[in-house]
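Biologist: Please take me closely through the ligand site of this model and whatever lies around it. I would like residue names and distances rather than impressions.

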Amino acid sequence: MKQLCEKTCALVKEVGAYIQGQRTHFSEANIETKSINQLVSYVDQTAEKKLVNGLSLLFPDAGFITEEQTIATETKEWMWVIDPLDGTTNFMHGIPVYSISIGLLHNNKPVMGIVYELNQNELFYAWEGSPAYLNGSIIQVRSETKFANTLLATGLPYYDFEGMQPYLSTLTHLMKETRGIRRMGSAAVDLAYVACGRFDGYFEYGLSPWDVAGGIFIVQQAGGVITNFDGGEDAVFSRSIVAASAALHQQLASVIQTYF
Ligand code: IPD
Ligand code: CA
Ligand code: CA
């Protein structure tokens with residue numbers, strides 16, 4: 001597992017260099033719209049192909065779930081879950097917060113996670129049995145228990161507005177109780193920042209497996225707790241997530257459940 005993680009990290013860095021190389025060539029003309037506010041470009045698609053090709057060589061038995069569907073999803077015991085560019089809208093608008101996110105599932109359970117935030121050159125990773133790392137140093141979630149001393153992250157609804165009212169009520173509640181709430185624009189970065197203690201917690205609905213599979217595992221290995229909005233353990237496939245330090249998770253989840 002360690003070796004596979006190291007080789008995957010090297011591949012991710014290589015693809016990261018490709019993405020950064022495209023920044024200056026990129027223009028509005030390259031943007032396609034998949035559905036409402038779901039943007040994509042040749043950069044996402046090419047990066048994904050590079051990741052799929054590299055991972056197929058590293059682990060030929062594993063299947064894929066990928067955002068840009070450059071390879072068909074065939075259910076297998078081991079599955080790579082890939083977001084080649086998480087924070088596409090940021091990338092397209094020149095806002096320097098975006099990442100590559102990769103999770104490995106074994107029988108649907110995350111066993112490896114890699115999130116590479118390209119602009120700070122920060123590589124977050126963990127494999128089954130390891131601590132969580134940021135650029136080679138062990139990271140851990142925060143231990144703050146008082147809401148008043150916490151900083152949270154979220155993703156604002158941008159295409160699924162069905163949960164808008166409970167979401168806004170949750171936000172109103174938390175804005176008054178915490179130090180503040182950030183919207184970074186990359187779910188994988190939000191999770192990585194919970195893992196290393198920059199954020200105490202993160203919540204969002206309307207997510208896909210590739211947004212969160214890698215980050216979920218890193219948070220867990222850093223001592224954090226993950227559930228979905230209903231309190232269930234699966235957050236990879238359930239579209240909503242509450243990720244927080246062990247110290248804060250219950251309080252954050254119970255605020256969300258008051259409104260949802
Ligand atoms: C999005 C980002 C964003 C989150 C969205 C995701 P994309 O992924 O992670 O932060 O709020 O829910 O879909 O489209 O940039 O890969
Ligand atoms: Ca994403
Ligand atoms: Ca993406």
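Modeller: A residue is called buried under 20% relative accessible area, exposed over 50%, and partly exposed in between, with a 1.4 Å probe and the protein chains only. The model is predicted, and local features are taken from pLDDT of at least 70 and side-chain atom pairs from pLDDT 80 or more, whereas totals for chains, interfaces and linings use all residues. Residues are numbered from 1 along each chain as its sequence is written, chains are lettered from A and ligands numbered from 1 in the order in which they are written, and side-chain values use heavy atoms, without hydrogens or water.

Start with the calcium ion that is ligand 3. Its protein donors are Glu67 (OE), Asp83 (OD), a second entry for Asp83 (OD), and Leu85 (O), at 2.2 to 3.1 Å. A donor here is an N, O or S atom within 2.8 Å of the metal, or 3.2 Å for Na, K and Ca; water is not among the atoms, so sites may look incomplete. Along the sequence, the donor residues of ligand 3 follow the spacing E-x15-D-x1-L. Glu67 and Asp83 tie distant parts of the chain together: Glu67 is in the loop between strand E3 (63–66) and strand E4 (78–86), Asp83 is in strand E4, and 16 residues separate them. Strands (E, at least two residues) and helices (H or I, at least four) are DSSP runs, numbered from the N terminus. Both Glu67 and Asp83 are buried.

The other calcium ion is ligand 2. Asp83 (OD), Asp86 (OD) and Asp211 (OD) coordinate ligand 2, at distances of 2.1 to 2.2 Å. The donor spacing for ligand 2 is D-x2-D-x124-D. Ligand 2 and ligand 3 lie 3.7 Å apart, and Asp83 coordinates both. Asp86 and Asp211 link distant parts of the chain, with Asp86 in strand E4 and Asp211 in helix H6 (residues 209–221), 125 residues away in sequence. Asp86 has a relative accessible area of 5% and is therefore buried. Asp211, at 13% relative accessibility, also counts as buried.

Next is ligand 1, which makes use of some of these residues. There are 15 residues around ligand 1, and the ones that come nearest are Asp86, Gly87, Tyr158, Ala187 and Glu204. A residue is taken as near when one of its heavy atoms lies within 4 Å. Strand E4 gives the largest share of this shell, three residues.

Oxygen atoms of ligand 1 also lie by the donors of ligand 3. One is 3.1 Å from a side-chain N or O atom of Asp83, and an oxygen of ligand 1 is 3.3 Å from a side-chain N or O atom of Glu67. At Leu85 the partner is a backbone N or O atom, 3.2 Å from an oxygen of ligand 1. Ligand 1 on its own exposes 370 Å², of which the protein buries 93%. These areas come from the Shrake-Rupley method with a 1.4 Å probe, and for residues only the protein chains shown count as cover.

The loop that carries Glu67 has another feature. Gln69 lies in this loop between E3 and E4 and has a positive phi of about 50°, although it is not a glycine. Most residues other than glycine have a negative phi. Gln69 is at 61% relative accessibility and so counts as exposed, whereas Glu67 is buried.

Asn121 can be set beside Gln69. Asn121 is in the loop between strand E6 (109–117) and strand E7 (122–127), and has a positive phi of about 55° without being a glycine. At 38% relative accessibility, Asn121 counts as partly exposed.

One further side-chain pair can be noted. Ser99 belongs to strand E5 (residues 99–106) and is buried, because its relative accessible area is 0%. The side chains of Ser99 and Ser186 are joined by a polar contact of 3.1 Å. A polar contact is a pair of N or O atoms within 3.5 Å; within protein, one must be able to donate a hydrogen and the other to accept it, and residues adjacent in sequence count only if both atoms are side-chain atoms.
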